[in-house]
Amino acid sequence: MPAFAANLTMMFNEWEFLDRFDAAADAGFSAVEYLFPYEAAPEAIAERLARNNLRQALFNLPPGDWGAGERGIAALPGRFDDLKADVERALDYAAATGVGRLHLMAGIADPRDQEAAAAYRRSVAYTAGRLAENGIDLLLEPINGRNMPGYFLNDFAAAERLIAESDLPNLKLQFDIYHRQILHGDITMALRRLLPITGHIQIASVPSRNEPDGEELNYPYLFGEIDRLGYDGFIGCEYIPRGQTLDGLGWFKPFARS
């Protein structure tokens, strides 16, 4: 049976960030993820995880200046020293939370730009190496241009090629079903082919990015397929509730921790 991680950036926004851990556990989740933990102390997050017997499934490395429009710096030439400092900051949080996988955002850059491509490869290789020293997987996630215009890594085939060419055992794909459907479709066949290199799966309805209970995708079928394929990681619920978070958890009740 699939195991789900509540995304505390998008879900449970009726609570302050640290209180979302309690709310997610009370709702039956056994794990959590979020975009960024860096506004809270790592010790405070660790305490909430332990108090609620929650596992930390995933979070992102620092994205640069989010408020100024940066969406990662890995593909930005001239930002390598910043990236190295960001990796160390993320590792502090990883040590506190026990997370086993981190996502590296590529940034806003033209994938045809050779300098950007070289910067990205260098950043990925360095980050994967540092994370491997700490027993952590590095994830790369293709993101669609509708939600994030100009994002460098906007193609699943490009991510697959880079993972294959890099030949790093801890470099994995973050398979966000929502982004995959918008970018390419063909979800089931892509899962069958790419699951061996997939380190994390995320879900949301398409096109609205709400609860996984309608619209274009048949999630009960996909959950069954993911189970059949033997995926044993968490599925991140990276969706925006239509209303109150708890009111939209009908789809989750068969999977909730008692």
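How far apart do the end C-alpha atoms of residues 21-253 lie, and how much of the span is helix and strand?

**Entry 1: the annotated span.** I worked from a predicted model. I first looked up the annotation: an unreviewed UniProt entry places the feature "domain: Xylose isomerase-like TIM barrel" at residues 21-253. I then turned to the ends of that span and found their C-alpha atoms 18 Å apart. By secondary structure, residues 21-253 are 38% helix and 14% strand.

**Entry 2: the nonpolar cores.** I next examined the largest nonpolar core, which holds 83 residues. Within this core, the residues that touch the most other members are F4, F12, F29, Y120, I177 and W251. I also asked which helix gives the most to this core. The answer is helix α3, residues 80-97, with seven residues. I noted a second, separate core of six residues, with A5, A31, L58 and L139 among them. As background, I recall that nonpolar side chains tend to be buried together in soluble globular proteins.

**Entry 3: the surroundings of Y120.** I listed the contacts of Y120, leaving out residues up to four places away in sequence. Y120 touches three alanines, A74, A75 and A106. Its other partners are L140, F152, L153 and L162.

**Entry 4: the cavity.** I searched for cavities of 30 Å³ or more and recorded one. The volume of the largest cavity is about 30 Å³. Which residues line the largest cavity? I found L61, P62, I73, L83, D86, V87 and L104. By class, I counted six nonpolar residues, one charged residue and no polar residues in this lining.

How values were computed:
Residues are numbered from 1 along each chain as its sequence is written. This is a predicted model: local features need pLDDT of at least 70, side-chain atom pairs count only at pLDDT 80 or more; totals for chains, interfaces and linings use all residues. Side-chain values use heavy atoms; hydrogens and water are left out. UniProt positions are given in the numbering used here, feature names are shortened, and annotations may be inferred rather than shown by experiment. Helices (H or I, at least four residues) and strands (E, at least two) are DSSP runs, numbered from the N terminus. A nonpolar core is a set of buried Ala, Val, Leu, Ile, Met, Phe, Trp, Tyr and Cys residues joined through side-chain atoms within 4.5 Å. Buried means under 20% relative accessible area, exposed over 50%, partly exposed in between (1.4 Å probe, protein chains only). Contact means heavy atoms within 4.5 Å. On a 1 Å grid over the protein atoms alone, a cavity is a set of points where a 1.4 Å probe fits but cannot get out, and a pocket is an open set with protein on both sides within 12 Å along at least five of seven lines; lining residues have an atom within 4 Å of a point. Grid points are joined across faces, edges and corners, and a volume is the space filled by probe spheres set on the points. Ala, Val, Leu, Ile, Met, Phe, Trp, Tyr, Cys and Pro count as nonpolar, Asp, Glu, Lys and Arg as charged, and the others, Gly among them, as polar.
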